[in-house]
Amino acid sequence: MSFPVRMLPLILAATALSACISPPVPPEDDEASVYGAFLAARYAGVNRDVASAAANYARALDQAPGDPTLADRAFITALLAGDRHQSARLAQATVDVGDPSRLATLYLAADQIARRDYNGAISSLNAAPDYGPFNTLMRDLLMQWAMMGDGQQLAAMDAANATAAPEFLSAHLWLHKAMLADVAGETQAADGAYRTAAYSSVFPRLAAEMYGNFLERHGRQDEARALYQANLDASPDEPFALDALRRLDAGERPGRRPSVPEMASRSLFGPATELAAQADMDLSVIYLRMVERLDPAYAPTRLSLAGTLERISLPEAALAEYAAVVEGPFRFAADIDQIWLLGRLARTEQATTLARRLVDESGDIEARLLLADLLRVQGQCPEAITLYEQVIADREAAGQGGDWRYHYYAGACHYDADNWHDAEAHYLAALDLAPRESRILNDLGYFWIDRGERIDEAFEMIMLAAELDPENGNVIDSLGWAHYRLGQYEAAVQALERAAELAPGNATANYHLGDAYWQVGRYLEAGFQWRRAIDLDPRPEQRDGLEYRLTHGRPPSGQPERAVTVTEVARDVAPTDGTGEP
């Protein structure tokens with residue numbers, strides 16, 4: 001029995017998936033069971049639960065074998081979920097029924113090359129359906145590596161020379177040709193193609209990695225060193241270049257020449273990563289999974305895949321990829337990205353534990369800053385201050401330039417701990433490093449006005465912050481509150497109405513607007529804003545002030561009180577990526 005369901009295409013222009021929907025009316029229990037599994041899979045897919053979607057599509061396919069749409073759905077969702085065993089099995093099942101998406105054949109060939117079944121890969125690709133331009137390129141690259149593995153070296157290189165690629169991908173062919181010649185032992189041809197790739201590639205790191213390995217294997221260490229240093233000069237924190245130079249300095253042996261499957265993974269890595277950089281979509285993951293199948297240990301593929309999974313709202317799959325990066329030069333970057341993602345998912349306790357471990361293991365500045373950020377957003381400012389100030393001191397001792405962000409967050413933490421003297425010193429240091437940074441201008445100007453100090457200078461700073469960042473609700477709220485504290489209530493209302501419009505879910509902006517309305521006699525509107533603010537989950541100290549206002553119908557008598565500070569808002573900013581940038 002065939003299950004007559006057609007689904008909307010999961011992916012875009014590079015595929016040829018059918019797009020019609022024909023809801024069945026299942027007359028039998030087994031059909032109802034298939035339909036139930038299908039609906040469960042669809043529901044899981046809509047909610048980005050790819051593991052459950054994959055399991056339910058596979059269950060539906062088991063009950064309705066031979067249905068091309070179910071086979072394709074089961075294969076694609078298994079691939080998205082990262083289930084390598086199921087992906088290979090389902091790729092074969094999808095090929096057997098016609099490969100509707102034109103992706104299963106490519107993955108099947110990648111799996112066969114990874115298993116050194118080169119003849120099988122050639123047969124699969126020769127029997128493949130028609131493709132669009134991108135898939136045709138991927139098929140050609142896989143075919144040429146399968147031929148190379150099968151001993152057809154000259155035929156593979158001739159085919160590569162005749163291969164065409166979409167214009168934006170043509171630069172990747174030089175590296176592909178160089179690697180083919182390298183494996184074939186055509187040293188002169190490989191050297192020329194590697195050199196062209198190294199100095200024209202859109203992914204210079206990969207080209208430098210492959211060419212540098214070639215140079216080292218042929219005893220040309222000085223040239224390799226110059227290549228690595230040029231790559232490091234262009235990207236000072238590049239893990240690969242740092243590790244390669246360390247290895248040369250230590251006199252270690254060069255790495256072996258990559259195997260045919262590993263070379264194939266590098267050939268596909270460039271086009272697949274280029275696609276992922278242009279569009280965040282499920283299709284990008286599918287191609288990167290092909291690359292990963294060819295060489296699961298290649299860390300840059302894992303990192304690119306994890307970043308793409310994160311951007312398409314599959315965070316659990318992304319975390320699995322970060323955790324799977326092997327020990328080596330890219331392990332630290334994977335740890336940082338994993339901790340950052342955990343912080344964004346509000347799993348701060350787990351993120352903090354991992355960050356502490358990374359600090360203990362590496363002592364690296366980036367790890368310390370990330371830990372400080374995590375502690376800051378959890379209100380653990382004393383320890384965060386220690387870390388920020390250690391980093392500032394270490395950078396000064398090393399003769400490195402200052403960074404306003406470390407002073408800014410250290411100042412915010414000192415203010416939160418009621419240490420205005422040190423807070424002001426850090427804010428001033430940050431302002432000296434970045435005199436037109438709106439956050440510094442906003443915070444320091446606000447605090448001076450709140451304390452009745454340097455009023456004219458402070459107000460000018462807040463006005464400049466609003467000019468630099470006019471769509472930032474927090475900045476406009478500070479401008480309105482500055483007007484309020486100066487007794488300019490009509491101007492305060494105008495600015496605070498704009499702040500509440502820019503940040504309608506911000507309790508502080510609505511709180512301040514309520515007070516401004518009250519000061520100009522708009523009492524009903526003031527009460528509305530206070531009630532709105534109390535419904536927006538204000539902080540405990542804010543809630544106390546709001547409850548007083550709602551009970552008494554007015555702010556406390558006497559000097560207008562400070563409802564909240566911008567530093568307290570800053571404390572709620574999500575942890576940064578270790579550079580201080582949210």
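**Figure 1. The largest cavity encloses about 80 Å³ of space.** The model shown here and in the other views is predicted. Three cavities of 30 Å³ or more are found in the structure. Around the largest cavity there are 13 lining residues, and those nearest its centre are His172, Leu175, Ser201, Leu206 and Gly270. Two or more lining residues come from each of helix 9 (172-184), helix 11 (204-217) and helix 14 (260-278). Helix 9 contributes the most, with four residues. Sorted by class, the lining of the largest cavity consists of seven nonpolar residues, five polar residues and one charged residue.

**Figure 2. The second largest cavity holds about 40 Å³ of space.** Its lining is made up of Ile392, Arg395, Glu396, Gly401, Gly402, Asp403, Tyr406 and His407. Helix 21 (381-397) and helix 22 (404-416) each provide at least two of the residues that line this cavity. Helix 21 has the largest share, with three residues. By class, two residues of this lining are nonpolar, three are polar and three are charged.

**Figure 3. Aspartate 335 and arginine 331 form a salt bridge within helix 18.** Side chains of opposite charge can pair when their charged atoms come close. In this pair, the N to O distance is 2.7 Å. Helix 18 covers residues 331-344, and the two partners are four residues apart in it, about one turn of the helix. Are these two residues buried or exposed? Both aspartate 335 and arginine 331 are buried. In the whole structure, the count of salt bridges is 37.

**Figure 4. A salt bridge links aspartate 373 and arginine 376 in helix 20.** The closest N and O atoms of the two residues are 3.5 Å apart. Helix 20 spans residues 365-377, and the partners sit three residues apart in it, about one turn of the helix. Aspartate 373 is buried, and arginine 376 is buried as well. Elsewhere, Asp191, Arg195, Arg220 and Glu223 are joined into one network by salt bridges that share partners.

**Figure 5. Arginine 246 pairs with glutamate 252 in a salt bridge.** How far apart are the closest N and O atoms of arginine 246 and glutamate 252? The distance between them is 3.1 Å. Arginine 246 counts as partly exposed because its relative accessibility is 41%, and partly exposed residues lie between the limits of 20% and 50%. Glutamate 252 has a relative accessible area of 38%, so this residue is also partly exposed.

**Figure 6. Serine 438 lies in helix 24.** This helix runs over residues 438-451. Why does serine 438 count as buried? Its relative accessibility is 9%, and a residue is called buried because its relative accessible area is under 20%. Which residues does serine 438 contact, leaving aside its neighbours within four places in sequence? Serine 438 is in contact with Ala465, Leu468 and Asp469.

Key. Residues numbered from 1 in each chain as written. Predicted model: local features only at pLDDT ≥ 70, side-chain atom pairs only at ≥ 80, totals over all residues. Heavy atoms only, no water. Salt bridge = Lys/Arg side-chain N within 4 Å of Asp/Glu carboxyl O. Buried < 20%, exposed > 50% of the residue type's maximum accessible area, 1.4 Å probe, protein only. 1 Å grid on protein atoms, 1.4 Å probe; cavity = no way out; pocket = protein on both sides within 12 Å on 5 of 7 lines; lining within 4 Å. Points joined across faces, edges and corners; volume = space filled by probe spheres on them. Nonpolar A, V, L, I, M, F, W, Y, C, P; charged D, E, K, R; others polar. Contact = heavy atoms within 4.5 Å.
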